[in-house]
Amino acid sequence: MSMSKKLLVVGLLGVITILGIWCTKPGLFPEDGYDPRLSGGMATIFDLSSQSFSHPIPGLSAWDSHVHEKGDQIFEQNFVAAPAPLFSGLGPIFNNVSCISCHHNDGKGTPSFGAVNSSMLMRVSLPGEDEHGGPVPVPGFGLQIQDRSVLGYVPEARVSVSYHDSVVSYPDGNTVVLQVPVYTVSNPYIALPASTLFSPRMAPPVFGLGLLLRVPESEILSHADPDDADHDGIKGHPNYVYDPVLGKQVLGRFGLKANVGTLLVQVASAFQQDMGITNPVFPQENAAGQPQVDGLHDDPELPDSLLNAVKFYVETLAVPARRNVTDPQVKAGEQLFSQIGCASCHLPTLYTDVDVNFPALSNQRIHPYTDLLLHDMGPALADGRPDYQASGSEWRTAPLWGIGLFPKTNGTAYYLHDGRARNIEEAILWHGGEARKAKQNFMQLTASQRQAVLAFLQSL
């Protein structure tokens, strides 16, 4: 989309968003006329198309819109092997050639390895902790297997996944077939230590991150209950991680195990690890110390201006509005979602801090359906690989906003940390650990009640 057309669309959508806040018909919605469609507060966009995750927040200045657009261009750009006059630095070992190749339409990916549209990678580490309390790199591999390489180089290993079926039966006799993943790592360029820990990860969505960044740490900590003081079986706790820019431990907010604290580090790490592109935050090749290293003296390959533009792009992506909020089935499902215990971790409402530079992100009431805390999800979803203060069975509560649009933005939707669930119902049935009681409550519902819960989730 051209810059002028995109700005026009953004302007119109921003007006619609504002009208949605101030012109809601009194009595149509609960809570004194508050519009429940506004998942991202003022940063909400009304778009039901495949591009619903790809709009900037309303109200950006002309300069901020320019930076957002530049970040968008780099996000979608395919990089090539060095040396090259433009977009150089790919590899020599990598997982994909662009950001958008993993985060399809700024949303989730697909659970395949090595392909052009692959959104999967395999994290690795050794037992123990490094000097900052994080995972211990595997000698010769680091913390991630790069399963592709440029011409003339060798991938670190090949990774593949296969599935076998597992049938889950509801008390009412209905059944659901889950697919159980089996991961295989083959053809390593050198032998992997027998003690290597593996964790498959599928790319998560990137919209709404600027809002999550601005939720005060104090609010996140207020929902933690590491000792289960209220005896409800839920023991959410934060992850604290080392930030290489700040040189200290910070609250983890991003990543599937809340193992990254800031968007700058998240973006910089993805460039260096996923694409092999060095940058000011991570100026060393991901193949450093290995035979695959390119030997060129061109690091950092991505200038800080472009790195920060991409960071700004994901920070200023808006959130799609909820749909069908007055539908009786959806409203019944919303009540059941809370009654059976899902809302204990998937908190419906959070608030952002004041930021005078970005009114659409400042002091907003948002509905991401996450507490941004770590929870034990049981042995079925465990990867067995600790990440800072996240155990091998703990994951950050995944935000649910936009979940009903994944089939449209991705073509075929996949859920959970490795995409094993092919629909939302399967994702629920994989829940265990602290979520086991909520899953059992869901299974005890009647078929029509279960459909109401699913209709509610599809409305998010």
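Helices, as I use the word here, are DSSP runs of H or I with at least four residues, and strands are runs of E with at least two, numbered from the N terminus. The model I am reading is a predicted one.

**Entry 1, the annotated span.** I looked up the UniProt record first, and its unreviewed entry places the annotation "domain: Cytochrome c" on residues 328-460. In the model I find this span to be 33% helix and 8% strand, and the C-alpha atoms at its two ends lie 15 Å apart.

**Entry 2, helix 8 against helix 12.** I then turned to helix 8 (residues 328-339) and helix 12 (residues 447-458), whose axes come within 7 Å and cross at roughly 100°. Since angles of 65 to 115 degrees count as roughly perpendicular, I note these two helices as roughly perpendicular to each other. On the helix 8 side I listed Gln329, Val330, Gly333, Glu334, Leu336 and Phe337, which meet Gln449, Gln451, Ala452, Val453, Ala455, Phe456 and Leu457 of helix 12. Sorted by class, the residues of this contact come out as eight nonpolar, four polar and one charged.

**Entry 3, helix 3 against helix 7.** Next I looked at helix 3 and helix 7 (residues 304-315), which pack with their axes 7 Å apart and at an angle of about 100°, and which I therefore also enter as roughly perpendicular to each other. From helix 3, the residues Asp64, Val67, His68, Lys70, Gly71, Asp72, Ile74 and Phe75 meet Leu306, Ala309, Val310, Phe312, Tyr313 and Val314 in helix 7. I counted this contact by class as nine nonpolar, two polar and three charged residues.

**Entry 4, threonine 316.** Following the chain on from helix 7, I found threonine 316 in the loop that leads to strand 13 (319-320). Its relative accessible area is 0%, so I record threonine 316 as buried. A polar atom of its side chain lies 2.6 Å from the backbone oxygen of phenylalanine 312. When I set aside neighbours within four places in sequence, threonine 316 is in contact with His55, Pro56, Ile57, Leu60, His68 and Phe358.

**Entry 5, histidine 55.** One of those contacts, His55, I looked up in its own right. Histidine 55 sits in the loop between strand 1 (44-45) and helix 3 (62-76), and I enter this residue as buried because its relative accessible area is 10%, where the cut-off is under 20%. The side chain of histidine 55 makes a polar contact of 2.6 Å with that of aspartate 47. I also checked histidine 55 against valine 319: the two are 264 residues apart in sequence, and their C-alpha atoms are 8.1 Å apart in space.

Notes:
Residues are numbered from 1 along each chain as its sequence is written. This is a predicted model: local features need pLDDT of at least 70, side-chain atom pairs count only at pLDDT 80 or more; totals for chains, interfaces and linings use all residues. Side-chain values use heavy atoms; hydrogens and water are left out. Buried means under 20% relative accessible area, exposed over 50%, partly exposed in between (1.4 Å probe, protein chains only). A polar contact is a pair of N or O atoms within 3.5 Å; within protein, one must be able to donate a hydrogen and the other to accept it, and residues adjacent in sequence count only if both atoms are side-chain atoms. UniProt positions are given in the numbering used here, feature names are shortened, and annotations may be inferred rather than shown by experiment. Axes are lines fitted to C-alpha atoms, for helices over the stretch in contact, and angles run from 0 to 180 degrees between N-to-C directions. Angles under 35 degrees count as roughly parallel, over 145 as roughly antiparallel, 65 to 115 as roughly perpendicular and the rest as oblique. Contact means heavy atoms within 4.5 Å. Ala, Val, Leu, Ile, Met, Phe, Trp, Tyr, Cys and Pro count as nonpolar, Asp, Glu, Lys and Arg as charged, and the others, Gly among them, as polar.
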